[in-house]
Amino acid sequence: MRAAIDRMMASAGIGFMDAWAVLERAYRRPLAWISQRLRFAFYPLLAVLMLGWLGWDMQHARSLDAAEDAVFDRIIGWRPIEPVPGGRTVVVEIDDCSIDYYRARGEGGWPWSRERHADLLEALDRAGVRAVGIDVLFADRAPADPAGDALLEAMAAAGDGRFVFAASRMHRDFDPLATLHAAEAPGAVRRVADAATPGPAVALVQPYGAAMARHSGLVNIERGRDGVLRDVRLYEPAGDWAIPAMTLRLAQAAGAETTAAVAARGGALRINWRERSRLPYASAADLLEGVPVCGSGLPPLRDAVAVIGHTAAGINDSKPTPVDMAMPGVEILAEATEALLTGSWIRMPPGWLKYALAAILVLLSCFVFWRGEPHQDVDPVFVALNLVLLAVAFVGLTLFGWFIDIFASLAFGALCFGLCRGYAAVQRGRAIGNSDYLREYDPATRPWLLLARLRFEPDPSLSPQRAKRARREYRRTLRRLVHSSDRIVLIEGVIERKHWMHALLDDLVLLTWAAESEAAARAMAQADLDALHALLNAGGERLDGIGRVMACVATTAIEDRTVEGIQGARHRRLRLRALLGQDLDRLPHWPLAKHNNWIHKNPLPEEGTPCETRSDP
C-alpha cells in the first residue's frame, strides 16, 4: 500500500509540476520577450511613470495623505503609552442628567434659558477658571427671555475676552451676500503684512450680542476625506486674513504661546488623541447647584480652561475620531485647547516631504537597477532600513508626539523596488537560460557551443576594500551586459553564494554562446567581450588601472547526427562535459582587451581530455 501511495504521489507531483511549468511559461516568456525589447529602458520609463503619478496625486487625490491617516489611526490605537491629560482643560457637559434634572423640577428641558447659561458662566467664574469656551451658538435673541439675553450679553462684556462664544463660518457660496468683511471678523489677523483692508466678504453666523460677537471664535470642524476627524483648524483663511477658531482664542486668553501651532501645517492642528484616558468632565447641573447631583464631584477648576457643550444623546453633536467613532464635539474642542495649552499637539513634517521622499526612493531604486541588477544583499538591507525608519516613526509618535508620516512613502518606494526587482528577475531568468523564460536549447539547429571563462584579477597594489569594491563593480557591469544581450547565456551554480569556498571561487564566471557554426559562435563571443571591455572602462571604476579580466574560450560541436537515441544523448553529454573541463582547467587565458582577436586562435578541446590536468601558472 505504501509503495502504491508513493507511486501515486510521484505521478501526481510530476503531472502538477509539468502543468505548472506550462502555466508559468505562458506569462514568463512574453515578459522575457518584452524585456529583450525594452532592455534597461524599462527603469527610466518606470521612474517617469511613478514620478508622474506622484505629481498628479500631490495636486489631486492626495492618496499618500489618506494612507498616512489610516496608519496614524492604527498606531494611535496600538501604542502602549499615551499622553496623560494635564488637567488644564475641563469639559463642562450639558448631559442628559442635567437636562432631566431641571425638567423634573418643572424648569423646562432643552434648550435652556439664556439666564441659566449666564448662571453657568458665573459659577465657573467663581470657581476661578482662566477662560471659558461656550460651544453653544446663540445666533438669535430669545423673545420670551429678554432679561436672559441681556444678562448673557452683560457677562460677555464683563468677561472682556475670558468668555469665548461660538460662531460659525457658513459655506463660501454665501460670501457674496455677506455684509461682514474679513478684517472686521472677531479676532481677525493678517496672514501677510500688507493684507488688503477690509478684505473679502465672509458669511459668518455670530452671537446676537455685540460683546458676545466681539469675543467669539469659530467652532467649525472639518472631517477628513474618509469621514474621520483628525485635525482641528485654528483659523479659517479669508483672502489675506485669518479668522481664529474658538480653541485658538481660548488658548490665547489663557496666556498660551500659539505661534508655532498656528504656523505648522497651515493652521491644521493634529490632536494627540487618547483612547484610555479622558479629559476631566464636570456636569453642568453639579456646577449650577454647587453639589453633586449628576456626578461624583467636580474636578479642580482653578486656573483651568473650561469648554461648555452638550453631550446629551438627543442633541446629536458627535464626530468620528481615530479613538472614538462618536466623540462629543465639545470634547474635540477641549482636546484641541488642551493640546495648545500643554504643547502636546502632534508635530508633523510638511506635507510635501512624503512626496519628496517617495520620489527619492523611486529615483534611487530605478537608478540602481538601471546601472545593473544589484546584488541580492541589497534586498535585506532595503527591508532593514525600512523597518528602522518605521520603528523611528512609531517611537516618535508614541513617546515624543512626532508623527513622521513616511509610511506611505516607504510603501511606494518598496513598490517601485519590487517592480524593478521583478523586471530584473525576468532579465536574469532569460540570461541564465531558465526554460520558463527561454526556449529549450536545440542542438540540432545550433550544434556549436562556445564557453568562455572569465576571472577578475585586481591589481596587487589595491587595498582589500578597494579590491572588493572593484570586483563588485565588475560583476555588476557583467550582469548588465548579459541581461541586455539576446544571445549570451550565463552558467550559474558553479558555487553557491556564501559557500565556505566562496572566497576562492567567487570570481569564476562562465558564459555560453550557441550558433550554427564555430565561426559564428566565435564572432558573437568576440563582439560581446569587446562590448564588456568597453563597459568596464566607461564608468567611474575603470578596469584599466585597477585590475584585469582574464578570459579563455573553448568550443565544440556537441551534436552528432550519426548517433541517435539514448546513445546520442550520452554522446552530447560527454562532449559538453569535455567542453566544461577544458574551459575550467586546461586552456590558456588572455587579458580582456579592446579587440579580443585571440578568440579566433583558441584551439578546439580534444574529446576525452581529462579535466584534472594541472592548470598553467
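Two strands count as paired when DSSP finds at least two bridges between them. With that in mind, welcome to this predicted model. The tour below starts with a three-stranded open sheet, moves on to helix 14, and then visits the aromatic pairs, 18 in total. It ends with alanine 452, a residue of strand 15.

**The three-stranded sheet**

- Strands pair in a sheet through backbone hydrogen bonds, and they can do so in parallel or antiparallel fashion.
- Here the pairing is antiparallel, and the strands of this open sheet follow the order 4-9-8.
- Strand 4 (189-190) and strand 8 (235-238) are the edge strands; each has a single partner, so one side of each has no neighbour in the sheet.
- Strand 8 and strand 9 (residues 241-244) run antiparallel and are joined by four bridges.
- If you want a spot to look at along this pairing, try glutamate 236, which sits opposite isoleucine 243 of strand 9.

**Helix 14 and what follows**

- Helix 14 covers residues 407-431, which makes 25 residues.
- At 1.5 Å a residue its expected span is 36 Å, and the C-alpha atoms at its ends lie 35 Å apart, so the two values agree.
- Glycine 433, found just after helix 14, adopts a positive phi of about 80°.

**Aromatic rings**

- The structure contains 18 aromatic pairs.
- One of them is formed by phenylalanine 42 and tyrosine 43, whose ring centres are 5.4 Å apart.
- The planes of these two rings meet at 80°; that is an edge-to-face arrangement because the angle is over 60 degrees.
- Phenylalanine 42 has a relative accessible area of 18%, so it falls under the 20% cut-off and is buried.
- Tyrosine 43 is buried too, with 1% relative accessibility.
- Both residues belong to a cluster linked by ring pairs, together with Phe40, Phe369, Phe382, Phe417 and Tyr423.

**Arginines over rings**

- Arginine 270 is placed over the face of phenylalanine 72, 4.5 Å from the centre of the ring.
- Arginine 278 is likewise placed over a ring face, that of tyrosine 281, at 4.3 Å from the ring centre.

**Alanine 452**

- Alanine 452 is part of strand 15, which spans residues 448-458.
- Its relative accessibility is 0%, so alanine 452 counts as buried.
- Between alanine 452 and arginine 88 there are 79 Å in space, C-alpha to C-alpha, and the two are 364 residues apart in sequence.

Technical notes: Residues are numbered from 1 along each chain as its sequence is written. This is a predicted model: local features need pLDDT of at least 70, side-chain atom pairs count only at pLDDT 80 or more; totals for chains, interfaces and linings use all residues. Side-chain values use heavy atoms; hydrogens and water are left out. Helices (H or I, at least four residues) and strands (E, at least two) are DSSP runs, numbered from the N terminus. The expected span of a helix is 1.5 Å times one less than its number of residues. Rings of Phe, Tyr and Trp (its six-membered ring) pair if their centres lie within 6.5 Å; planes under 30 degrees apart count as stacked, over 60 as edge-to-face and the rest as tilted. Buried means under 20% relative accessible area, exposed over 50%, partly exposed in between (1.4 Å probe, protein chains only). A charge sits over a ring if NZ of Lys or CZ of Arg is within 6 Å of the ring centre and within 35 degrees of the ring normal.
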